[in-house]
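Hi,

Here is the structure I promised to send over. Have a look at it first, and then read my notes underneath.

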Amino acid sequence: MLVAACAAATTVFAPALTAHADGADDGALLNQINATRAANGCGPVAANPQLTAAAARQANDMLANGVVSHVGSDGSSVGQRIVDAGYTSYSDFGEIIFWSTGVGAVPAAAVNWWMNSPGHRAVIVDCSMTEAGVAVVRNGARAAAVGEFGRQ
């Protein structure tokens, strides 16, 4: 299991009231992750709906409740969230998280930050990971991005 260490990209924020997902950001984030993996000698990860659901759960929790950890506000772990989403036959998994205030281009900022964080970088460039789900959630200038990676 790979779980990257956390640090805020900018500042911790108060709970969000009306967060919304951005499908365009999600697609851009997965594309940037796969481009980064290719640049580091890894094949692409395929989008997985269960991992996407787990990523959305954590991204929404981060934004709504000010969670700045791989542990959810309900005490859930990465493993619990992916199993709850139906991703039960895995041999390995990892999570990357990012939150910010005032960042417009979240996919680019998130991947840049992750690649400069040893724990997050290790998840992205783990060539054994074959599937991923990502979610970007925004509320005004606040944003959270999560990537869940897995191998079955």
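Below is what turned up, helix by helix.

This is a predicted model, in which local features need pLDDT of at least 70 and side-chain atom pairs count only at pLDDT 80 or more, while totals for chains, interfaces and linings use all residues. Residues are numbered from 1 along each chain as its sequence is written, and side-chain values use heavy atoms, with hydrogens and water left out.

Let's start with helix α2, residues 49-65 (helices are DSSP runs of H or I with at least four residues, strands are runs of E with at least two, both numbered from the N terminus). Its 17 residues reach 24 Å from first C-alpha to last, close to the 24 Å expected at 1.5 Å a residue (1.5 Å times one less than the number of residues). At the N-terminal end, Asn 48 acts as a cap, with a side-chain oxygen 2.8 Å from the backbone nitrogen of Gln 50. Just after α2, Gly 66 has a positive phi of about 70°.

Among the buried residues of α2 (buried means under 20% relative accessible area, with a 1.4 Å probe and protein chains only) are Leu 51, Gln 58 and Met 62. The buried residues of this helix pack against α3 (78-84), β4 (92-101), β5 (131-139) and β6 (142-151), where contact means heavy atoms within 4.5 Å.

Next comes His 70, in the loop between α2 and α3. His 70 counts as buried because its relative accessibility is 8%. From His 70 to Gln 58 is 12 residues in sequence and 8.2 Å in space, C-alpha to C-alpha.

Enjoy exploring!

Key
Buried means under 20% relative accessible area, exposed over 50%, partly exposed in between (1.4 Å probe, protein chains only). A polar contact is a pair of N or O atoms within 3.5 Å; within protein, one must be able to donate a hydrogen and the other to accept it, and residues adjacent in sequence count only if both atoms are side-chain atoms.
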